[in-house]
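Trainee: I keep meeting words like "buried" and "exposed", and I would like to learn where they come from. Could we go through some together?

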Amino acid sequence: MNTIVALAGRSPNPWPRKKPGSTPRSPSLLSCTVSLFAVLFLFVFFYFSYARVSTSPSLLRGSLQASRPSRCEPRIRALGQRFLSYAPHSGFSNQLSEFKNAIVMAAILNRTLVVPPVLDHHAVALGSCPKFRVLSGREIRLAVWESAMELLRAGRYISMADIIDISSLVSSSMIRTIDFRVFVSLWCGVNIDLACNNQATGQSPLFASLKQCGSFLSGFNGNVDECFYSVDEDCRSTVWTYQNGNDGVLDSFQPDEQLKRKKKITYARRRRNVYKALGPGSQADSAALLAFGSLFTSAYKGSQLYFDIHEAPKDQRIQSIIEKIEFLPFVPQILHAGKEFALTTIKAPFLCAQLRLLDGQFKNHRKTTFLTLKEKVESLRQNGPLPVHIFVMTDLPEDNWSRTYLGDLAADVDNFKLHFLQEEDELFIRTAKELAVGGHGLRVGFVANSFARMDKLQKQCSPRILADVLLYIEEVICSCASLGFVGTAGSTIAESIELMRKHDVCSS
Ligand SMILES: *[C@@H]1O[C@H](CO)[C@@H](O)[C@H](O)[C@H]1NC(C)=O
Ligand SMILES: *[C@@H]1O[C@H](CO)[C@@H](O)[C@H](O)[C@H]1NC(C)=O
């Protein structure tokens, strides 16, 4: 609770929410006075809270009405687009599944999706939906914003669209996207390329103005009519649905009485039609930017935790998008690298072993994980030919393999040959460099005609420090393993590899 209070304290007060149609035509004296105070308050608030506005002399001279912001400046309205953002978090597989949910949301609400960077594995965590302990929308948006700024500054920024190939979705007009860096440049009115690869510690005016903009975009200034709308519903209160006729009913998963007492909460989780809640006719619809928090979901106790839109039989457009995104391939550079390793380094039919041994829940299942592998490996050994080639992807450092089944395999050189990819490998370094100069993410999305800094963005904001693409290449290699695949039960990486194998990525 303390952190929430502390974060809320960053802005003096949220914007008063104005319900559409709630302003009376002939206001009474009381509401007149109230409005006057509100306007005054807004003016004062704006004056102090937004440096760029407060230094604008025309605003100071202008009428009070003019200061009733519309923080959406004319240049944002001139884009003629409405945007949708969200706050990705946790590991890569999780970020990818949120990205897919965001694509569906953006398509349903007919908005341009702001494509975020790939965040570091543990940079942002949501908390636990089943325990009703999660960051609020604005808290997680701010955490993601700060992470993104840090990636830019450190020269490590990689867009989701640099890794995942969405070019066919965009070119077929199934969705519209905009790169986060382009979006921030346009919305915040800054030259964000100046923030890229910038060793400054973030004290410059540029970073100060970015900080204010980030706070605004995270929702700390509240909603602004026709400009910014924060989706405050999260997995504690809402499961988003579309077109399945049960708008507003209680979801089957609810906090139990004990939890309600312990946490002093009164949440009831409702299933809500996202099109009705945030689409045409809603207050959210007119906002230039609709900002979600996390879009994480997963099956839990027979329900979905937050996002339950897995088919749309009554809407062919959305249905085909849902089908299309079931599997989104890596960009060609990564696919090529994985195939090249299989063909030229392993050079033989092989088994892939994906062993998650260290992280959280997986630590306690080592025995089972190794047992499953052992069964598969033994049958391959008995049926030959020898040696059996095994590609290993694991989070256990090689120095620690001894006294595990991996150590046994590595020692038995007559029967087995183990392969793995390392960060020093030329293939890995080359691929990471190709991705850095490739600039996929910047090329696929929307760029306003007025936006003249694309070259500078491309030059300044491509990563200087190589991204961690090891995982993605390893996944491709595993999709090429013709002797089979043994993954760690419950690992999202294993699921992702199974999906790639199903879609026969390696032979395409
Ligand atoms: C979706 O948005 C685009 C661009 O903003 C607009 O041209 C189009 O008419 C919209 N489609 C629907 C179905 O509202
Ligand atoms: C790996 O080995 C090192 C030194 O041999 C040890 O300090 C470390 O705790 C081991 N890590 C794991 C995860 O077993």
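Trainee: Which exposed residues does the face of α17 turned away from its buried side carry?

Mentor: Before I answer, keep in mind that this is a predicted model. That face of α17 carries Lys-367, Thr-368, Leu-371, Glu-375, Glu-378, Ser-379, Gln-382 and Asn-383. A residue is called exposed if 12 or fewer other C-beta atoms lie within 10 Å of its own.

Trainee: And what makes the buried residues of α17 line one face of the helix?

Mentor: The buried ones are Thr-369, Leu-373, Val-377 and Leu-380. Looking down the axis of α17, you find them within an arc of 55°, so they line one face. They pack against β12 (350–355), β13 (388–394), α18 (405–411) and β15 (484–486).

Trainee: How do you know what span to expect for α17, at 1.5 Å a residue?

Mentor: The helix covers residues 366–383, which is 18 residues. The rule is 1.5 Å times one less than the number of residues, and the expected value is 26 Å. From first C-alpha to last, α17 reaches 26 Å, close to that expectation. Just after the helix, Gly-384 takes a positive phi of about 50°.

Trainee: Why does Val-505 count as buried?

Mentor: The cut-off is 20 or more other C-beta atoms within 10 Å. Val-505 has 21 such neighbours, so it counts as buried. Val-505 sits in the segment after α23 (492–502). Leaving aside neighbours within four places in sequence, its contacts are Pro-329, Leu-335, Val-476, Ser-479 and Met-500. Val-505 and Lys-339 are 166 residues apart in sequence, while their C-alpha atoms are 9.4 Å apart in space.

Trainee: What makes β14 and β15 stand at the edges of the sheet?

Mentor: The open sheet has four strands in the order β14-β13-β12-β15, with parallel pairing. β14 (416–419) and β15 each have a single partner strand, so one side of each is left without a neighbour in the sheet. From one strand to the next, the twist averages 25°.

Trainee: How do you know that β12 and β15 pair?

Mentor: Pairing needs at least two bridges. β12 and β15 have three, in the parallel sense, and therefore count as a pair. Cys-352 has Phe-485 in β15 as its bridge partner.

Trainee: What is the average pLDDT of the protein chain?

Mentor: The average is 84, and 85% of the residues score at least 70. Over residues 1–34, however, the pLDDT is below 50, and it is also below 50 over residues 36–69. Where pLDDT is low, the predicted coordinates should not be read in detail.

Notes
Residues numbered from 1 in each chain as written. Chains lettered and ligands numbered in written order. Predicted model: local features only at pLDDT ≥ 70, side-chain atom pairs only at ≥ 80, totals over all residues. pLDDT = per-residue confidence, 0-100. Contact = placed C-beta atoms within 7 Å. Helix = DSSP H or I, 4+ residues; strand = E, 2+ residues; numbered from the N terminus. Arc of directions from axis to C-beta. Axes fitted to C-alpha atoms, helices over the stretch in contact; angles between N-to-C directions.
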